Amino acid sequence: PCDVPCKWTHGGNIMTRAKILDFPGKNTILMSMEGSKHYHELSNRGNHALLCTTDHDSDIPMNYFVWKWTQYFKPKPTAEEDIWLSDINERKLNPKPKPLIAFIARNCKSLNQRERLVKHFMKENLVHSLSSCLNNYHEPNLDKKLSKRDVQNQYMFYASFENENTNGYITEKLWSAFAAATLPIYYGAPDIRKKVGMLPDPKSIIDYNDFKNLSELTTYVKYLIKNRTAYLEHMEWRKRPLSKAFKR
């Protein structure tokens, strides 16, 4: 059911056009959860009455976030640093994660050259690329048919690298990392820190754009690997209720 009278098309289209019934003039809504750099039609309304994309400034914003991927209206604080509620299934922070970054992607032709970041971390021996793009490690646990989040949970960090850098284009690459109770290193939407409430907490991610260059980012990642206390500071938000701004 729709909040406004509309007619849905069926199927998993990359771009969906919904017709607003009994609406004069332009009467379609263009909807997509893809990025506008891959699909240029999403950059403006064109012949449509409304635009519905992941950009928070679109007429009808929508995003990849779903509540089951995080905690958390009633978190359960505890003195034990490794027993924190992390999602609806109570996935806990791994007390002894691999001191590495996990990267999982099949698309090796990104528009933002995320592959450059992965190759850099490979030279630093800091990343396990587990899927077909730049694969450098076979994860034995994948043979046990564990979920993606179970695999992510075994690593200190997850490479939440989008395939393009577009405002508001924040996908499951970030949200699933939160659900997996790992620390996301984020490379993607330039406005992720610029709008209030787009993150559950300012320290919930390591943002590529907070560093002058890859070398400085690498130094910080290595620092967190050696300093458990500093690493856990990025996880403190999990023990608190989510902010009103984020929930809104």
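These legends go with a set of close-up views of a predicted model.

**View 1. The whole chain, before zooming in.**
The chain carries 6 helices and 9 strands. Of its 248 residues, 48% count as buried. Take the contacts with a separation of 6 or more: 56% of them link residues 24 or more positions apart.

**View 2. An open, parallel sheet of 5 strands.**
Reading across the sheet, the strand order is 6-5-7-8-9, and the pairing is parallel. Strand 6 (127-129) and strand 9 (206-207) sit at the edges with a single partner strand each, so one side of each has no neighbour in the sheet. Strands like these pair through backbone hydrogen bonds.

**View 3. Where strand 5 meets strand 6.**
Strand 5 covers residues 98-103, and 3 bridges tie it to strand 6, with the two running parallel. Look for Phe103, which stands opposite Ser129 of strand 6. Helix 3 (residues 172-179) packs on the sheet too, touching strand 7 (155-161) and strand 8 (183-187). The direction of helix 3 makes about 165 degrees with that of strand 7.

**View 4. Strand 8, side chains on show.**
Strand 8 is mostly covered, with 5 of its 5 residues buried. Leu183, Ile185 and Tyr187 point one way, while Pro184 and Tyr186 point the other way. Strand 8 pairs with strand 7 in the parallel sense over 5 bridges, and Tyr187 is the bridge partner of Phe161. To get from strand 7 to strand 8, the chain passes through helix 3, and this β-α-β crossover is right-handed. Strand 8 also runs parallel to strand 9, joined by 2 bridges; here Ile185 stands opposite Ile206.

**View 5. Helix 4 lying across the sheet strands.**
Helix 4 takes in residues 214-226 and lies across strand 5, strand 7, strand 8 and strand 9. Relative to strand 7, helix 4 runs at about 155 degrees.

**View 6. Helix 1 and what its buried residues pack against.**
Which residues of helix 1 (residues 114-123) are buried? They are Arg114, Glu115, Leu117, Val118, His120 and Phe121. An α-helix has 3.6 residues a turn, so residues three or four places apart point the same way. The buried residues of helix 1 pack against strand 5, strand 6, strand 7 and strand 8, as well as helix 3 and helix 4. Just past the helix comes Asn125, whose phi is positive, near 55 degrees.

**View 7. Zooming in on Arg114 of helix 1.**
Is Arg114 buried or exposed? Arg114 has 2% relative accessibility, so it counts as buried, the cut-off being under 20%. Leaving aside residues up to four places away in sequence, Arg114 touches Phe103, Ala105, Asn107, Phe161, Glu162, Asn163, Lys173 and Tyr187. Some of these have turned up already: Phe103 faces Ser129 in strand 6, while Phe161 and Tyr187 are bridge partners.

**View 8. The largest pocket and its lining.**
The largest pocket holds about 280 Å³ of space. Its lining is made of 15 residues, and His56, Asn63, Gly197, Met198 and Phe246 lie nearest the centre. Which helix gives the largest share of the lining? That is helix 6 (residues 244-247), with 3 residues.

Methods:
Residues numbered from 1 in each chain as written. Predicted model: local features only at pLDDT ≥ 70, side-chain atom pairs only at ≥ 80, totals over all residues. Heavy atoms only, no water. Pairing = 2+ DSSP bridges. Helix = DSSP H or I, 4+ residues; strand = E, 2+ residues; numbered from the N terminus. Contact = heavy atoms within 4.5 Å. Axes fitted to C-alpha atoms, helices over the stretch in contact; angles between N-to-C directions. Buried < 20%, exposed > 50% of the residue type's maximum accessible area, 1.4 Å probe, protein only. Right-handed = clockwise from strand over helix to strand, strands pointing away. 1 Å grid on protein atoms, 1.4 Å probe; cavity = no way out; pocket = protein on both sides within 12 Å on 5 of 7 lines; lining within 4 Å. Points joined across faces, edges and corners; volume = space filled by probe spheres on them.
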